[in-house]
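Please look over the structure shown below before reading on. The questions that follow are meant to be worked through with the model open alongside.

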Amino acid sequence: MPVPILLVTGFLGAGKTTVVNHLLANADGRRIAAIVNDFGAINIDAELIAGASDGVVSLANGCICCSLEGDLLRTLSTLLRRDPKPEYIVIETSGVADPADIVRNLMDPVILREAPLEAVLCVIDAAMPPAALDDALQRSQLCVADIVALSKLDLTDEGAGVRMREAIRAQRVPAVVVDAKHGAIPSALLFPASDRAPAPREPGPKWPAEERFETLSWTSDRPLSLPRLQQAIGRLAPKLARAKGLFETVEQPGRLMVFQFAGGRATLAPGEPPTEGVPRARIVFIAELGVLSKADLDGIMGACVAEV
């Protein structure tokens, strides 16, 4: 039987990982394989999704998760050779990826026969201004979507969802638009019960490649001071498009904190205990090209390291 693919796209910090995490945690007996394609040298997303790390990790509910290291088609081929074979495959793209390119790859006749693209899900941050949809990359992500999921509705006013839906309609997108509170989307919408293979699709116009973002990774072998880190993020925030990471603090030793920054909002959540031999702090910063230098970043973040 062919294994349907769900492609999850969306801009930096839109909430893609939350959606994929919810799918894996609520698989309802389905064997789901998740491929995480993070943007940056440190694959933080793969660590956040149900505790996955490099390689393929089997999850307690029968799902598996792996990181995309290189060629997408080779990764898919590896998953399809597993026993038992997954029933569904979810691919989470990078926030700066044009999904039209990935759709073209998935139209490869061999992949289409064994793992047809069932649906494209675009996650949109409902708290961002609707004018952000005028961005060429955001339009490209939106225009290939079969389903648009509005995330972060709990972080904005009641009218935000209505305004964003109107902005999406203005883009003449034929996709179904749904709310995705805390990443929840009806699974029947994403994984319809059908024996038919989805037909090949037109991936849409290819937008000119544009190097807009760069990633700067920062690590420390010592825990951080939380008050100093808050000051540092306040200084860096105006220059950041996205940031995420894991770190231990002197205020809460023996436990990593999960850090997320998107849309001007920073959040912290408790994580797992630190791993021996792994840096105590690992953070990825994503910014427009030339806006943030490595020297400035190292200087600001270096002041967060707790004194011995």
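The following turns go through the predicted model, its confidence, its core and some local features.

Q: How many residues in the protein score at least 70 in pLDDT, as a percentage?
A: This is a predicted model, in which local features need pLDDT of at least 70 and side-chain atom pairs count only at pLDDT 80 or more, while totals for chains, interfaces and linings use all residues. Residues are numbered from 1 along each chain as its sequence is written, and side-chain values use heavy atoms, with hydrogens and water left out. Given that pLDDT is the predictor's confidence in each residue, from 0 to 100, the protein averages 84, and the share of residues that score at least 70 is 83%.

Q: Which element of the protein has the lowest mean pLDDT?
A: Helices (H or I, at least four residues) and strands (E, at least two) are DSSP runs, numbered from the N terminus, and the protein has 10 helices and 13 strands. Where pLDDT is low, the predicted coordinates should not be read in detail. Among the elements, helix α10 (residues 294-302) has the highest mean, 96, whereas the lowest, 64, belongs to strand β3 (residues 56-58).

Q: Which helix gives the most residues to the largest nonpolar core?
A: A nonpolar core is a set of buried Ala, Val, Leu, Ile, Met, Phe, Trp, Tyr and Cys residues joined through side-chain atoms within 4.5 Å, where buried means under 20% relative accessible area, exposed over 50% and partly exposed in between (1.4 Å probe, protein chains only). The largest such core has 25 residues, and Leu6, Ile32, Val90, Leu121, Ile185, Leu190 and Phe191 touch the most other members. At least two core residues each come from β1 (5-9), α1 (16-25), β2 (32-36), β5 (88-92), β6 (117-125) and β7 (147-151). The element that gives the most, with 4 residues, is α1.

Q: Which residues does Ile32 touch, not counting those up to four places away in sequence?
A: Contact means heavy atoms within 4.5 Å, and Ile32 is among the core residues that touch the most other members. With that sequence exclusion, the residues that Ile32 touches are Leu23, Leu24, Ala27, Cys63, Ile64, Tyr88, Val90 and Phe191.

Q: How many disulfides does the protein have?
A: A disulfide is a pair of cysteine sulfur atoms within 2.5 Å. Cys122 is buried at 1% relative accessibility, and its sulfur lies 9.3 Å from the closest cysteine sulfur, in Cys143, which is too far for a bond. By this rule the count of disulfides is 0.

Q: Is Ser225 buried or exposed?
A: Ser225 is placed in the loop between β9 (213-220) and α9 (226-236). Not counting residues up to four places away in sequence, Ser225 touches Val250, Glu251, Cys304 and Ala306, of which Cys304 is buried, with a relative accessible area of 1%. For Ser225 the relative accessible area is 10%, so this residue counts as buried.

Q: Which residues of helix α6 (residues 136-143) are buried?
A: At the start of α6, a side-chain oxygen of Asp135 reaches to within 2.9 Å of the backbone nitrogen of Leu137. The cover over the buried residues of α6 includes β1, α4 (99-106), β6, β7 and α7 (160-170). The buried residues are Leu137, Gln138, Ser140, Gln141 and Leu142.

Q: What is the relative accessibility of Arg172?
A: Arg172 is in the loop between α7 and β8 (176-179), and has a positive phi of about 60° although it is not a glycine. Arg172 counts as exposed, because its relative accessibility is 76%.

Conventions:
Polar contact = N/O pair within 3.5 Å; in protein donor to acceptor, adjacent residues only side chain to side chain.
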